[in-house]
Amino acid sequence: MLVLIGLLAAPRAWAQGKRKVVQFTGIVASGDSLLGVPGASIYVPKAGRGTTSNAYGYFSMAVLAGDSIVFRSLGYRNQTIVVPADYQRQSFSVIISLLEDAAVLPEVRIFPYATEKEFKRAFLALRMPTEKGSAAADNLNQELMRKIFNSQPMGATANYRQTMSQQQYDLDRRMGTAPNLHSNNPLLNPFSWLQLVKQVKDGEFKKKEGVDY
């Protein structure tokens with residue numbers, strides 16, 4: 001009789017000891033604006049499983065009835081939600097509103113020495129090089145600067161200026177305001193011929209007494 005009672009009670013005890021799997025979903029939002037918090041951590045510490053919220057603060061994960069779920073995000077206070085142990089439904093949805101937790105970190109000062117006193121002592125004992133013979137003075141040498149200038153290729157800005165200047169010069173030459181082949185060659189310049197005719201009429205080319213041409 002006792003054996004029969006034990007066999008009948010065993011399946012019921014096993015069913016009570018097995019926790020139900022629940023699909024845990026929800027949205028993690030900020031407390032002041034109710035905007036979704038992306039990248040928030042949602043995990044079960046004892047089980048070592050969890051997930052993160054997406055760009056809109058939404059998350060979804062499988063948990064067991066009775067689990068404690070911790071919500072954590074940088075700049076917000078941690079929050080814990082417990083799924084009831086006797087929860088019988090297949091899904092459990094929540095909206096988690098995290099509160100801001102602003103923390104001021106102490107100042108961190110980094111020195112290349114063990115203590116600030118040693119750093120000050122080494123800094124005061126530092127000997128700066130003189131300007132003459134230093135690398136800065138050598139880099140500003142006129143001959144070196146001239147070599148660098150002459151060897152450097154023309155950049156985009158210089159090419160643009162050269163092209164614009166050449167186009168403007170060609171335009172001025174066609175308009176007759178810039179030197180051209182006609183103005184440079186006196187035989188092709190009508191103004192030079194007019195001056196020559198005037199000089200002939202004025203007798204500037206007649207032989208003068210006492211002047212040896």
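**Exercise 1. Find out how many salt bridges the structure holds, then follow the one between R19 and D67.**

Step 1. Start with the rule: a salt bridge needs a side-chain nitrogen of Lys or Arg within 4 Å of a carboxyl oxygen of Asp or Glu. By that rule the structure holds five salt bridges. Before going on, please note that this is a predicted model, where local features need pLDDT of at least 70 and side-chain atom pairs count only at pLDDT 80 or more, while totals for chains, interfaces and linings use all residues. Residues are numbered from 1 along each chain as its sequence is written, and side-chain values use heavy atoms, with hydrogens and water left out.

Step 2. Look at R19 and D67, whose side chains meet at 3.1 Å, N to O. R19 sits in the loop between α1 (2-17) and β1, and D67 in the loop between β4 and β5, so this pair ties together parts that are 48 residues apart in sequence. Helices (H or I, at least four residues) and strands (E, at least two) are DSSP runs, numbered from the N terminus.

Step 3. Check the surroundings of each partner. Buried means under 20% relative accessible area, exposed over 50%, and partly exposed in between (1.4 Å probe, protein chains only). R19 is partly exposed at 41%, whereas D67 is buried at 6%.

**Exercise 2. Describe the salt bridges K120 to E116 and D202 to K198.**

Step 1. The side chains of K120 and E116 come together at 3.7 Å, N to O. Both belong to helix α2 (residues 116-124); they are four residues apart, which means a separation of about one helical turn. K120 has a relative accessibility of 47% and counts as partly exposed, and E116, at 34%, is partly exposed too.

Step 2. Between D202 and K198, the closest N and O atoms are 3.1 Å apart. D202 is partly exposed at 48%, while K198 is exposed at 53%.

Step 3. Finish with the shared partners: R19, R49 and D67 are joined into one network by salt bridges.

**Exercise 3. Trace the hairpin and the open sheet that contain β2 and β3.**

Step 1. Strands pair if DSSP finds at least two bridges between them. Strand β2 (residues 41-44) and strand β3 (residues 49-52) pair in the antiparallel sense over four bridges. In this pairing V44 faces R49, and I42 stands opposite T51.

Step 2. Now find the turn. Four residues lie between β2 and β3 in the hairpin, and G48 in the turn has a positive phi of about 75°.

Step 3. Widen the view to the open sheet of four strands, which runs β3-β2-β5-β6 with antiparallel pairing. β3 and β6 (79-82) stand at the edges with a single partner strand each, so one side of each has no neighbour in the sheet. Direction ignored, neighbouring strands here are turned by 20° against each other on average; the axes are lines fitted to C-alpha atoms, for helices over the stretch in contact, and angles run from 0 to 180 degrees between N-to-C directions.

**Exercise 4. Work out which strands supply the largest nonpolar core.**

Step 1. A nonpolar core is a set of buried Ala, Val, Leu, Ile, Met, Phe, Trp, Tyr and Cys residues joined through side-chain atoms within 4.5 Å. The largest one has 20 residues, and those with the most contacts inside it include F24, V28, I42 and F92.

Step 2. At least two core residues come from each of β1, β2, β4 (58-64), β5 (68-72) and β7 (91-98). The largest share, four residues, belongs to β7.

Step 3. Take V28 as an example. Beyond its neighbours within four places in sequence, V28 has contacts (heavy atoms within 4.5 Å) with residues including L35, V37, I42, F59, F71 and I96.

**Exercise 5. Place T25 in its surroundings.**

Step 1. T25 lies in strand β1 (residues 21-30) and, at 14% relative accessibility, is buried.

Step 2. Among its contacts outside four places in sequence are Y58, F59, F92 and S93. The C-alpha atoms of T25 and F92 are 6.3 Å apart, although 67 residues separate the two in sequence.
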